[in-house]
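Student: Could we go through this model together, with the reasoning behind each label? I would like to set the values against the definitions.
Tutor: Gladly, let us take a look.

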Amino acid sequence: MEALRKSLLIFAIIMTVMIQNKAMAAQHVVGGSQGWDESTDFNAWASGETFKVGDTLVFRYNPGLHSVVEVEGESAYKSCDTSSSVNSMSAGNDVVKLNKPGTRYFACGTAGHCDQGMKLKITTVTGNAPSNQAATSSNPSSSSAADSRRFSTAFFTLIAAIFTIQMALVFQL
């Protein structure tokens, strides 16, 4: 019986960690409210974001007009060489999981768009920094999204803590 109690407590702790990690992951809509569009300043947009392992990028655009090509490295990014693609997407609501630290490069696959600035360089980090720095932005919708993420993180952390305490009390560990 004691082994069962300890196993359930370990399960509760693992679930707590999983819930917290999920709650802390952020979804970054590339370009903000403008989306993946040639009029967006992607360098300025990316400078207001912190990309962490576990976060996702969402590319929203008009399919047929644009696409997203993840290119192999900085050289391909700078020269807009989309022939060395790691991944190509064209659905118009493409999600990219940031699953490891490092720098990644994206460009529009439509001829001429990358040369006009429709490209994105991001660096994914590990750690506990907030995923989105948009709360310091003057964009009210970005600030509202950041506030919502902070509330979700706090809410799920509270639920996980209550669950763990209840498990400990039930099994008197």
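Tutor: Two strands pair if DSSP finds at least two bridges between them. Helices (H or I, at least four residues) and strands (E, at least two) are themselves DSSP runs, numbered from the N terminus. This is a predicted model, in which local features need pLDDT of at least 70 and side-chain atom pairs count only at pLDDT 80 or more, while totals for chains, interfaces and linings use all residues. Residues are numbered from 1 along each chain as its sequence is written, and side-chain values use heavy atoms, with hydrogens and water left out.

Student: How do you know that S1 and S3 pair, and in which sense?
Tutor: Three bridges link S1 and S3 in the parallel sense. The definition asks for at least two bridges, so S1 and S3 count as paired. For one of the partners, look at Val29, whose bridge partner in S3 is Val58.

Student: What makes S3 and S6 a pair, and how do they run?
Tutor: Five bridges join S3 to S6, and the two run antiparallel. Leu57 has Val96 as its bridge partner in S6.

Student: Why is the pairing of the sheet called mixed?
Tutor: The sheet is open, with three strands in the order S1-S3-S6 and mixed pairing. S1 with S3 is parallel, whereas S3 with S6 is antiparallel. In general, strands of a sheet pair through backbone hydrogen bonds, either parallel or antiparallel.

Student: What makes S1 and S6 edge strands?
Tutor: Each of them, S1 (27–29) and S6, pairs on one side only.

Student: Which side chains of S6 are buried, and which are not?
Tutor: Along S6 (residues 93–97) they alternate: Asp94 and Val96 are buried and point to one face, while Asn93, Val95 and Lys97 point to the other and are not buried. Buried means under 20% relative accessible area, exposed over 50%, and partly exposed in between (1.4 Å probe, protein chains only).

Student: Why is His113 called buried or exposed?
Tutor: Its relative accessibility is 9%, so His113 counts as buried. His113 lies in the loop between S7 (102–107) and S8. Leaving out residues up to four places away in sequence, His113 touches Glu38, Leu65, His66, Cys108 and Met118, where contact means heavy atoms within 4.5 Å.

Student: And on which side of the cut-off does Cys80 fall?
Tutor: Cys80 has 16% relative accessibility, so Cys80 counts as buried. Its place is in the loop between H3 (74–79) and S5 (85–89). Cys80 also has a positive phi of about 60 degrees, although it is not a glycine.

Student: What makes a group of residues a nonpolar core?
Tutor: A nonpolar core is a set of buried Ala, Val, Leu, Ile, Met, Phe, Trp, Tyr and Cys residues joined through side-chain atoms within 4.5 Å. The largest one here has 18 residues, and those with the most contacts inside it are Val30, Trp36, Leu57, Phe59, Phe106 and Leu120. Helix H2 (42–47), strand S3 (56–60) and strand S8 (119–125) are the elements giving two or more residues to this core. H2 supplies the largest share, three residues. A second, separate core has five residues, including Val69, Val71, Tyr77 and Tyr105.

Student: Which residues does Phe59 contact?
Tutor: Beyond its neighbours within four places in sequence, Phe59 is in contact with Val30, Trp36, Val68, Gly92, Asn93, Asp94, Val96, Phe106 and Leu120.
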